[in-house]
2 protein chains.
Amino acid sequence: MSKELIFGHQNPDTDAIVAAKAFSYLQNKLGYDTEAVALGEPNAETEYVLAHFDEPAPRVIKTAGNEVESVMLVDHNEPQQSVSDLSDLTVTHVIDHHRIANFNTAQPLWYTARPVGCTSTIITQLFDQNNIEIPAKLAGLMLSAIISDTLLLKSPTTTPEDETVVKELAKIAGVDYESYGLDMLKAGTDLDSKSDLE
Amino acid sequence: MSKELIFGHQNPDTDAIVAAKAFSYLQNKLGYDTEAVALGEPNAETEYVLAHFDEPAPRVIKTAGNEVESVMLVDHNEPQQSVSDLSDLTVTHVIDHHRIANFNTAQPLWYTARPVGCTSTIITQLFDQNNIEIPAKLAGLMLSAIISDTLLLKSPTTTPEDETVVKELAKIAGVDYESYGLDMLKAGTDLDSKSDLE
Ligand SMILES: [Mn+2]
Ligand SMILES: [Mn+2]
Ligand SMILES: [Mn+2]
Ligand SMILES: [Mn+2]
């Protein structure tokens, strides 16, 4: 099986960065050869998350066709949010929690969408279904993505599944998700925080 | 939760009819209120299958908006293969093994596509994931759908997952799938068979 790149949407948020890393880890365990990349630099919140869990930022790509023939999309499906040369590539897998729009394929593919608060919630469920252990660091990263997308389980898109998964991941990561979550969300608004301090 | 209709594509084949029945059974077990219907009468092969397992043909509908607001699609996603008033309805679930084409939603939804030989293969895996027992009759019906779509596991679209599921379902149904499968496929070509006999 030839190598595939996995990435989230342009102007990546924490879920776009983390879901790519988590899905790549899972797919490699299942026998695929994948690398998680990103379509842009991490934002302030994601930088805080990566630093907190001592995880490097993913490599940023502008096009994928110069490296691979096939790709996997996380946290998006709309081509205008994706890599610029998507139409030259085969999408083999999509994992997402958004509406489906303008996404067309020539061949059957693996597509999992769930109407939940975060892609990382769905990926956690896939780890569990496949009985694959989630490393503590990855649990912390996915926990951060869910806190980000659901605003600490308070956004209207939050579902009972997100709540269950947050508790599961917090336990694995050994994190008090409420205090960590507040610090993390505050780091994402660090311009405001700095203004307050100055 | 208000009632939803579940149906396969126009000019239904055995998978379109059976997957609707199987997904409806599963979703009702999971707490939804659904009814399996069809967008056309069963073909000769499907009639043989339904008679063999003493299962009634589904009710045929031409439009869904006169009955429900939301629907679930099985074995298709392309609007031109679906109910004529699809654009007036909310699609909440799709389970399919075809390419995705011209399928757009306004809201997030539950979508499961797998690149396997038959929708009924994916539905069987969902029963197993949810630890829901498959009744013997339903196992026989889903077995028939997989035999139909994969031409008794010989079509180029057949995957190892279809083979595994066929053996699982044959055991539950108590059916010798190879001899039953040949009879069933022959029933689907009954015009030819009749010509041979006459
Ligand atoms: Mn996102
Ligand atoms: Mn997201
Ligand atoms: Mn079909
Ligand atoms: Mn089919």
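Which residues coordinate the manganese ion (ligand 1)? In this predicted model, local features need pLDDT of at least 70, side-chain atom pairs count only at pLDDT 80 or more, and totals for chains, interfaces and linings use all residues. Residues are numbered from 1 along each chain as its sequence is written, chains are lettered from A and ligands numbered from 1 in the order in which they are written, and side-chain values use heavy atoms, with hydrogens and water left out.

**The metal site**

Let us start with the ion itself. The manganese ion (ligand 1) is held by H9(A) through NE2, by D13(A) through OD, listed twice, and by D75(A) through OD, at 2.1 to 2.8 Å. Donors here are N, O and S atoms within 2.8 Å of the metal (3.2 Å for Na, K and Ca); water is not among the atoms, so sites may look incomplete. Along the chain, the donors of this manganese ion (ligand 1) show the spacing H-x3-D-x61-D. D75(A) also bridges to the manganese ion (ligand 2), and the two ions lie 3.6 Å apart.

D13(A) and D75(A) come from distant parts of the chain, 62 residues apart. The table sets them side by side; helices (H or I, at least four residues) and strands (E, at least two) are DSSP runs, numbered from the N terminus. Buried means under 20% relative accessible area, exposed over 50%, and partly exposed in between (1.4 Å probe, protein chains only).

| Residue | Loop in chain A | Relative accessible area |
|---|---|---|
| D13(A) | between β1 (4-7) and α1 (14-29) | 21%, partly exposed |
| D75(A) | between β3 (70-74) and β4 (90-96) | 1%, buried |

**A covered strand in chain B**

Turning to chain B, five of the five residues of strand β3 (residues 70-74) are buried. S70(B), M72(B) and V74(B) lie on one side, V71(B) and L73(B) on the other, and both faces are covered. In a regular strand, side chains alternate between the two faces of the sheet.

Strands count as paired if DSSP finds at least two bridges between them. β3(B) runs parallel to strand β1 (residues 4-7) of chain B, joined by four bridges, and E4(B) stands opposite S70(B). Five bridges join β3(B) to strand β4 (residues 90-96) of chain B, also in parallel; there V74(B) has I95(B) as its bridge partner.

**How the two chains relate**

Chain B superposes on chain A by a rotation of 180° with 0.0 Å of shift along the axis (RMSD 0.0 Å), fitted by least squares on the C-alpha atoms of residues with pLDDT of at least 70 in both. That is the relation of a two-fold axis. In chain B, the C-alpha nearest the axis belongs to T112(B), 2.4 Å from it. Both copies use the same surface: 100% of the contact residues of chain B recur in chain A, where contact means heavy atoms within 4.5 Å.
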